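Dear colleague,

Please find below the structure that I promised to hand over. My notes on what was found in it follow directly after.

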Amino acid sequence: MYIKRTTKREWLAALELVQIGYPRVAGSTTKASELVFRGPCKYFIYSSTTKDSVDNNVDLLSGGFAIRRGELVGLYSLEKGLGARMVNHAITEGAVRLNCAGTVLRDYYKKFGFAVHKVEAGARKGHIDLFHMYLGESW
């Protein structure tokens, strides 16, 4: 597995490519075109190759995430078991909060020490609850 710290442009392009090719990812992440990044951010792509660029080749992508001012954003995984590795990596890179939709993701992130701070009932399409979560007592 190749882990690359990348640029905003490449990370957004990769996320958009994956959202087009994988409806499951599109349904659980904010559209790449709707994400706003200001200030210091870190962007990571996980790939099955050491190739420098994964542009326009979704087959080379395995997952990715970004950290925006301590917030874990746009985490996606295309390989079973990779999600846990990426969440732990994000925490070591400074992620202390996140937002997720639905109880499945809420329960998943609880395994890593995130706790629900606020709930917006029915905030997402299909009346799914949006959970604002913080790592431990970091809020």
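Leaving out residues up to four places away in sequence, Ser62 touches Met1, Tyr46, Ser47, Ser48, Tyr76, Ser77, Leu78, Glu79 and Leu82. Please bear in mind that this is a predicted model. Ser62 belongs to strand β3. One of its partners, Ser48, is 14 residues away along the chain, yet the C-alpha atoms of Ser62 and Ser48 are separated by 6.3 Å. Ser62 counts as buried because its relative accessibility is 1%, and buried means under 20%.

As to the overall fold, the protein has four helices and seven strands. Along the sequence they follow the pattern β-α-α-β-β-β-α-β-α-β-β. The protein has 139 residues, of which 40% count as buried. Where contacts join residues at least 6 apart in sequence, 54% of them join residues at least 24 apart.

The interior may be described next. The largest nonpolar core has 18 residues, and those touching the most other members are Phe65, Leu72, Leu75, Leu98, Tyr109, Phe114 and Met133. At least two residues of this core come from each of β2 (41–47), β3 (61–68), β4 (71–77), α3 (82–92), β5 (97–101) and β7 (128–135). The element that gives the most to this core is α3, with four residues. A second, separate core is made up of 16 residues, including Leu12, Ala32, Cys41 and Ile45.

Phe114, one of the core residues named above, merits a separate entry. Setting aside neighbours within four places in sequence, Phe114 is in contact with Val87, Ile91, Ala95, Val96, Arg97, Leu98, Tyr109, Met133, Tyr134, Leu135 and Gly136.

I turn now to the largest pocket. The space in it comes to about 750 Å³. Its lining consists of 33 residues, and Ser28, Thr29, Leu75, Leu105 and Tyr109 are the closest to the pocket centre. Two or more lining residues are given by each of α2 (23–28), β4, α3, β5, α4 (103–110) and β7. With seven residues, β4 gives the most to this lining. By type, the lining residues divide into 17 nonpolar, 10 polar and six charged. Leu75 and Tyr109 therefore deserve a second look: both appear among the core residues that touch the most other members, and both are also among the residues closest to the centre of the pocket.

On the cysteines, which may matter to you at the bench, how many disulfides does the structure hold? The number is zero. In general terms, a disulfide is a covalent bond between the sulfur atoms of two cysteines. Cys41 counts as buried because its relative accessibility is 15%, with buried meaning under 20%. Cys100 is also buried, as its relative accessible area is 3%.

One backbone detail remains. Most residues other than glycine have a negative phi. Arg69 is not a glycine, yet it has a positive phi of about 45°. Arg69 is located in the loop between β3 and β4. At 48% relative accessibility, Arg69 counts as partly exposed, because that class lies between 20% and 50%.

Yours sincerely

Key. Residues numbered from 1 in each chain as written. Predicted model: local features only at pLDDT ≥ 70, side-chain atom pairs only at ≥ 80, totals over all residues. Heavy atoms only, no water. Core = buried A, V, L, I, M, F, W, Y, C linked by side-chain atoms within 4.5 Å. Buried < 20%, exposed > 50% of the residue type's maximum accessible area, 1.4 Å probe, protein only. Contact = heavy atoms within 4.5 Å. 1 Å grid on protein atoms, 1.4 Å probe; cavity = no way out; pocket = protein on both sides within 12 Å on 5 of 7 lines; lining within 4 Å. Points joined across faces, edges and corners; volume = space filled by probe spheres on them. Nonpolar A, V, L, I, M, F, W, Y, C, P; charged D, E, K, R; others polar. Disulfide = S-S within 2.5 Å.
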